[in-house]
Every structure is written in structure tokens, then in C-alpha cells.
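Q: Here is a model I'd like to go through label by label. Please set each value against the cut-off behind the word.

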Amino acid sequence: MKTTLLAAALMAVLISSAGAQDNDRLAEASLDHEGHVQVPARAEVLGNPSRRSQTPPTWCRPCLFYAGDFDTNASDANGLSNEFDLTVSTGAAGYTPFIVPKGKTWTVTGLFTDNIMLIEVLDPRTIPFEIRKGIPKAGGNGGELVCDGKKPGSLTPLPQNWFGYPWAAAKVEHIKGCRLPAGKYWMSVVPYCTNQNDSYCNDYRAFLANDDGAMAQRFGPLEPANNSFFNSKFYGANWDPSSKWQTSSRFSVGVEGTAK
């Protein structure tokens with residue numbers, strides 16, 4: 001009963017946001033605020049990450065890094081706006097850190113972000129990706145752009161859902177010429193639904209899923225905690241530390257490719 005009521009409440013808020021004349025002010029960046037769902041974080045959830053898995057998830061192949069699954073049982077299960085659509089009309093993007101280990105060089109061929117979505121669709125199918133380095137600890141600018149572009153995207157449905165809303169990996173593949181020496185980087189992949197003639201885009205929202213719970217299927221170097229950033233002209237976020245917008249310490253993303 002609680003799940004049904006919360007799902008209905010979230011649907012009502014999302015529809016009213018999309019249909020209102022001034023939806024720029026009604027759309028919320030944090031999923032719990034959008035749906036008015038209380039998900040207070042607990043310190044024990046944010047620490048003690050699970051051990052690295054020896055087998056990457058099926059949607060990360062060949063996998064270099066996977067931050068871990070969205071955990072529906074975590075006390076702070078949440079998502080941060082990661083979308084370009086008719087509601088968030090100038091877009092929003094989360095930037096999640098990953099580490100290329102000392103002595104290694106990664107050749108990146110694919111990137112993905114795990115998103116909680118109201119509707120599983122991409123329209124247009126071509127979506128942007130970025131990898132950056134050198135973002136200041138306090139934010140304020142996006143550091144240096146290392147690899148970027150637009151590629152045909154795909155959505156891989158994933159097994160979890162949050163109060164009835166699906167979880168899907170928005171992925172770009174066949175990236176070329178992206179070689180990363182050892183160091184820290186930040187990545188983004190943003191789902192799009194901007195086609196005014198597509199009725200699915202009218203009520204579309206997408207939120208980058210956090211992985212602050214069990215981090216099941218985590219693979220590769222541990223994602224640095226409390227080091228993600230949020231950039232969105234729509235929300236007035238200028239490369240803000242994501243902690244300014246919600247308590248999530250890590251987000252669910254992945255990197256595909258080969259290592260030397």
C-alpha cells in the first residue's frame with residue numbers, strides 16, 4: 001500500500017510539473033524531493049563498501065569499472081537529475097568519478113549511467129558523453145574535457161525498480177580515440193527526450209541512481225566517495241558538489257574498454 005501511494009504521489013507531481021505553465025520552477029533535481037519521499041541517510045549505509053566482484057555485470061562488457069548497483073533497500077536510495085527533456089529544458093548532468101590505477105592506461109570504448117526513469121525511451125537516440133579531469137574539489141568549473149562526443153545510445157533495462165519506476169543503463173558504445181593514463185576522471189552520459197512530437201517526452205524524467213547501499217556487482221577500482229558534481233543551468237548549478245543537492249555519496253555508472 002505504501003509503495004502504491006508513493007508511486008501515485010510521484011506520478012502526480014511529475015505530471016503536474018510537466019503540464020504547468022512555469023515548470024522550470026516546479027521540477028526538482030533530487031528524486032526524493034520530486035516525489036516527496038523521505039529517505040534520510042544513515043552513516044552505516046554510506047560506509048563499508050562491498051568487496052570488488054570478480055565478475056562484472058552483464059551490461060558492462062568488456063568492463064573496466066562498475067560502481068555498483070542501485071540498492072532499493074538502502075535507507076537513502078535516491079537519484080539526481082540527469083536528463084535533457086521537455087521538463088528540464090536546458091538539461092542537467094551528474095559527473096561521477098572513477099580511477100584509472102597507477103601504471104595502467106585505459107582505452108575507453110563505452111560508458112553508461114544507471115538511471116531511474118519515468119519512461120524508458122531515448123528520443124533522439126543520439127546522446128552525449130563526456131570524460132573530464134581536474135575538476136576542483138569545491139567545484140565551480142568543469143576542469144579539462146578529455147573525451148567527449150555524441151553517439152547512438154541504448155537503454156538496457158535493469159532488474160531493480162524504485163516504487164514502480166524502472167532502472168535502466170543509458171549507454172554509448174564504439175567510442176574511439178579515448179585513452180586515459182593513470183589518474184582520476186569524471187564521466188557523464190545523459191538520456192535525452194526532446195522530441196515535441198513524441199508523447200512519451202511530455203512527462204519524461206531521468207535521475208542518476210545512487211549506489212550508497214550494498215553496491216552489488218561492483219567491479220574494478222572503488223568509486224571515490226563524496227566526489228561527484230552536478231552541472232545544470234536549469235537548476236542554477238555551476239559544477240556544484242553533488243552533496244549540495246542531496247546526500248548521495250556515490251552514483252551507479254560504468255566504463256567499458258581495455259587496459260594495458
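A: Let's start with G139: leaving aside neighbours within four places in sequence, its contacts (heavy atoms within 4.5 Å) are F229 and W239. Before we go on, this is a predicted model, where local features need pLDDT of at least 70 and side-chain atom pairs count only at pLDDT 80 or more, while totals for chains, interfaces and linings use all residues. Residues are numbered from 1 along each chain as its sequence is written, and side-chain values use heavy atoms, with hydrogens and water left out.

Q: Why does G139 count as buried?
A: Buried means under 20% relative accessible area, exposed means over 50%, and partly exposed is in between (1.4 Å probe, protein chains only). G139 has 12% relative accessibility, so it falls on the buried side. G139 sits in the loop between β5 (126-133) and β6 (144-162). From G139 to S242 you count 103 residues in sequence, but just 9.5 Å in space, C-alpha to C-alpha.

Q: What makes a stretch a helix or a strand here, and how many of each does the chain have?
A: Both are DSSP runs numbered from the N terminus: H or I over at least four residues for a helix, E over at least two for a strand. The chain comes to four helices and 13 strands. It has 260 residues, 54% of them buried. Among contacts between residues at least 6 apart in sequence, 80% join residues at least 24 apart.

Q: What is odd about phi in W239, and why is W239 called buried?
A: Phi of W239 is near 50°, a positive value in a residue that isn't glycine. W239 has 9% relative accessibility, which is under the limit, so it counts as buried. It belongs to strand β12 (residues 237-241).

Q: And N226: buried or exposed?
A: Its relative accessible area is 57%, which is over the upper limit, so N226 is exposed. N226 also has a positive phi, about 50°, although it is not a glycine. You'll find N226 in the loop between β10 (206-209) and β11 (229-232).

Q: How do you know that C201 is buried?
A: The relative accessible area of C201 is 0%, so the buried label applies. C201 lies in the loop between β9 (192-193) and β10. Leaving aside neighbours within four places in sequence, C201 is in contact with L86, D123, C193, T194 and N195. V121 is 80 residues away from C201 in sequence and 8.4 Å away in space, C-alpha to C-alpha.

Q: Which residue does a cis peptide bond join to D123?
A: That's P124, with omega at about 15°; P124 is in the loop between β4 (93-117) and β5. Another cis bond joins R61 and P62, where omega is about -15°.

Q: What makes F234 and Y235 an edge-to-face pair?
A: Rings of Phe, Tyr and Trp (its six-membered ring) pair if their centres lie within 6.5 Å; planes under 30 degrees apart count as stacked, over 60 as edge-to-face and the rest as tilted. F234 and Y235 have ring centres 4.8 Å apart and planes at 80°, so they pair, edge-to-face. Both F234 and Y235 are buried. The structure holds 14 aromatic pairs, and W59, Y66, F70, F112 and W167 form one aromatic cluster.

Q: What makes a set of residues a nonpolar core, and how many residues has the largest?
A: The members are buried Ala, Val, Leu, Ile, Met, Phe, Trp, Tyr and Cys residues joined through side-chain atoms within 4.5 Å. The largest core has 49 residues, and F98, L111, I131, L180 and V255 have the most contacts inside it. Its largest share, eight residues, comes from β4. A second, separate core of 18 residues includes L31, F70, W162 and W167.

Q: Which residues does L111 touch?
A: Not counting residues up to four places away in sequence, L111 touches several residues, including F129, I131, V189 and V255.
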